[in-house]
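Please open the model in your viewer and keep the sequence panel beside it, since each stop on this tour begins with something to select. Take the stops in order and look around a little before moving on.

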Amino acid sequence: LIPMGLCLRDIRSMITGDRPPSLWQLIAPGKPPEKRQRFEDRFKSGNYLVMLDGLDEVDSSSDRHRIVDWIDHQMQTYLNTPFIVTSRSSAYHLTPLQQVGMVLELQPFNARQIHQFLQHWYQLNNANLSGEMKTLNQTANYRTGQLLAEIKSVRSVANMATNPLLLKAIAQVYDNLGKIPTRRVELYGSLCDVQLTDKWPTTSNHHQILPAKKSVLQKLALSLMEQKTNQFTGDTWSQILRENVELFANPDNFGGLLVETKPEVYEFAHQSFQEYLAAVEIKHSQQEALLIENLQNHWWHETIKFYTEITGNTGVIQAALS
């Protein structure tokens, strides 16, 4: 099968417009009629694997319904073509596909998988070290055992460790700090510090630089949440910075928190970092009303959860209960 991958957020405006294109029109725009026909014939014969990513990243409920209807229609049109659609579980269950043959949900790691992941993690980290393989493997096994003991000693950490992304964060933070935060928000905060410090070597003014860098990322994260997008360009970056432009001119200096997905287009390495940092900025700038306005908006749900974890009993919880 020939894989064809599309991000739904990139084609959202076309799909939700007055005249949504067919699948092959999206993938092969501007082709002459004879080539388009050949292309569509191949689709109908089942030569392609269509992968549609990020249904949950479409924030508007009405738009998501229209996109789901469009996907269902394409599945009916190209019956021999296999489709894979990805989404967070909560968003998918709100707007499920009708034509889907199988729903698969990512399962939490079990104890064996956690052990296996951490062993591979330390082996990979040791790969760059010099020394005998036997000794390096013994070191990896010893450190894995140490970290597993720490994870098992605190139930909240053990629960977080079943998530691959959070398990990686736990390993990174433990490696750098020698301890594991027991709450999710503390883990994300420590991970941000570790990532930013690793990329930016310690200097005499390190303690001033780190808060400034975090402040930039917080403002960026909240701006992206308000724009209902994950991606930003150099222009957006410049607008967010305003000051400290020379110091932070390159998004590449922001550790593993920002990644360049295509030339001059960036996003947070995982959407949860954007949601966490936006929650921190909302607390800092006292914009709780923004979350109360968006209680029914799925796009804001993880940020709301982070915010209530950070602040405790807040007006957001009272509004939700009302």
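Begin by colouring the protein chain by pLDDT, and compare its elements: helix α12, at residues 234–241, has the lowest mean pLDDT, 73, whereas β3 has the highest, 96. This colouring is a sensible start because the model is a predicted one. Over the protein chain the pLDDT averages 85, and 90% of the residues score at least 70.

Now show the protein chain as a cartoon, in which you can look for 16 helices and 6 strands. If you turn the C-alpha trace along its principal axes, you will find that it spans about 65 × 55 × 45 Å. Of the 322 residues in the protein chain, 42% are buried. Among the contacts between residues at least 6 apart in sequence, 64% join residues that are at least 24 apart.

Switch to a surface view for a moment: the accessible surface of the protein chain comes to about 17,600 Å², and carbon and sulfur atoms account for 50% of that area. If you colour the charges instead, there are 30 positive and 33 negative ones, and the mean positions of the two groups lie 4 Å apart.

Next, select residues 61–77, which form helix α4. How far apart are the end C-alpha atoms of this helix? They are 24 Å apart, which agrees with the 24 Å that 17 residues should span at 1.5 Å a residue.

Keep helix α4 selected and show its side chains, looking for the buried residues, which are Asp 63, Arg 64, Ile 67, Val 68, Trp 70, Ile 71, Asp 72, Gln 74 and Met 75. As you compare their directions, it helps to know that an α-helix has 3.6 residues a turn, so residues three or four places apart point the same way. Then bring in the surroundings: what covers the buried residues of α4 includes the helices α1 (8–15), α2 (23–27) and α5 (89–94), together with the strands β2 (48–53) and β3 (83–85).

Within helix α4, select Asp 63. Is this residue buried or exposed? Asp 63 has a relative accessibility of 16%, and it counts as buried because that value is under the 20% cut-off. Leaving aside residues up to four places away in sequence, Asp 63 touches Arg 12, Thr 16 and Val 58. Draw a distance from Asp 63 to Thr 16, C-alpha to C-alpha, and you should find 6.3 Å, although 47 residues separate the two in sequence.

Move along helix α4 to Ile 71, which is buried, with a relative accessible area of 0%. Which residues does Ile 71 touch, not counting those up to four places away in sequence? They are Leu 8, Leu 52, Val 85 and Leu 97. Ile 71 and Arg 88, by contrast, are 17 residues apart in sequence and 17 Å apart in space, C-alpha to C-alpha.

For the last two stops, leave the helices and look at loops. Select Lys 228, in the loop between α11 (206–227) and β4 (231–233), where phi is near 55°, a positive value in a residue other than glycine. With a relative accessibility of 35%, Lys 228 counts as partly exposed. Finally, select Gln 286, in the loop between α13 (271–285) and α14 (288–293); phi of Gln 286 is near 55°, again a positive value in a residue other than glycine. Gln 286 counts as exposed, at 72% relative accessibility.

Conventions:
Residues are numbered from 1 along each chain as its sequence is written. This is a predicted model: local features need pLDDT of at least 70, side-chain atom pairs count only at pLDDT 80 or more; totals for chains, interfaces and linings use all residues. Side-chain values use heavy atoms; hydrogens and water are left out. Helices (H or I, at least four residues) and strands (E, at least two) are DSSP runs, numbered from the N terminus. The expected span of a helix is 1.5 Å times one less than its number of residues. Buried means under 20% relative accessible area, exposed over 50%, partly exposed in between (1.4 Å probe, protein chains only). Contact means heavy atoms within 4.5 Å. Accessible areas come from the Shrake-Rupley method with a 1.4 Å probe; for residues, only the protein chains shown count as cover. Lys and Arg count as positive and Asp and Glu as negative; His and the chain ends are not counted. The place of a charge is taken as NZ of Lys, CZ of Arg, CG of Asp or CD of Glu. pLDDT is the predictor's confidence in each residue, from 0 to 100.
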